[in-house]
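User: Could you take a close look at one part of this protein for me? I'd like to know what sits there and how it fits into the rest of the chain.

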Amino acid sequence: MIDRDERAVSMNRAKQWCASINDIPYLETSAKENINVAEAFYTVARKALLQQKDDEFNMIPSPNITLPESNVSRDSKRGCAC
């Protein structure tokens, strides 16, 4: 359980902030106890992505990366240079 006496931010203040930022859901979390940490991240990330316009993603240039051929001999059975 989350220790309410050791809060850095009060529950009321956190709820008000969440409501003011496009109504982000308020979730009680604890990294120490691993409570709702992943859920909070995914919830905020999902909401942020839904608010993005498709055009904004298309403006990001995709780099053309060419990797040089390696001189390491490959094991033909495994197909890698491991």
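**A close look at one loop**

Analyst: N34 lies in the loop that runs between helix 1 and helix 2, so let's make that loop our part, keeping in mind that this is a predicted model. N34 is not a glycine, yet its phi is positive, at about 55°. With a relative accessibility of 62%, N34 counts as exposed, because exposed means over 50%.

N36 belongs to the loop between helix 1 and helix 2 as well. Its phi is also positive, near 60°, and N36 is a residue other than glycine. Its relative accessibility is 27%, so N36 counts as partly exposed.

Now to S30, which is placed in the loop between helix 1 (11-20) and helix 2 (37-51). Here the relative accessibility is 11%, and S30 counts as buried because the limit for that is under 20%. The side chain of S30 also reaches the backbone nitrogen of K32, at 3.5 Å.

Stepping back to the whole protein, you will find three helices and zero strands, in the order α-α-α from the N terminus on. Buried residues, S30 being one of them, make up 9% of the 82 residues. The protein exposes about 7700 Å², and carbon and sulfur atoms supply 53% of that area. As for contacts between residues at least 6 apart in sequence, 24% of them join residues at least 24 apart.

Notes
Residues numbered from 1 in each chain as written. Predicted model: local features only at pLDDT ≥ 70, side-chain atom pairs only at ≥ 80, totals over all residues. Heavy atoms only, no water. Helix = DSSP H or I, 4+ residues; strand = E, 2+ residues; numbered from the N terminus. Buried < 20%, exposed > 50% of the residue type's maximum accessible area, 1.4 Å probe, protein only. Polar contact = N/O pair within 3.5 Å; in protein donor to acceptor, adjacent residues only side chain to side chain. Contact = heavy atoms within 4.5 Å. Areas by Shrake-Rupley, 256 points an atom, 1.4 Å probe, with all protein chains shown as cover.
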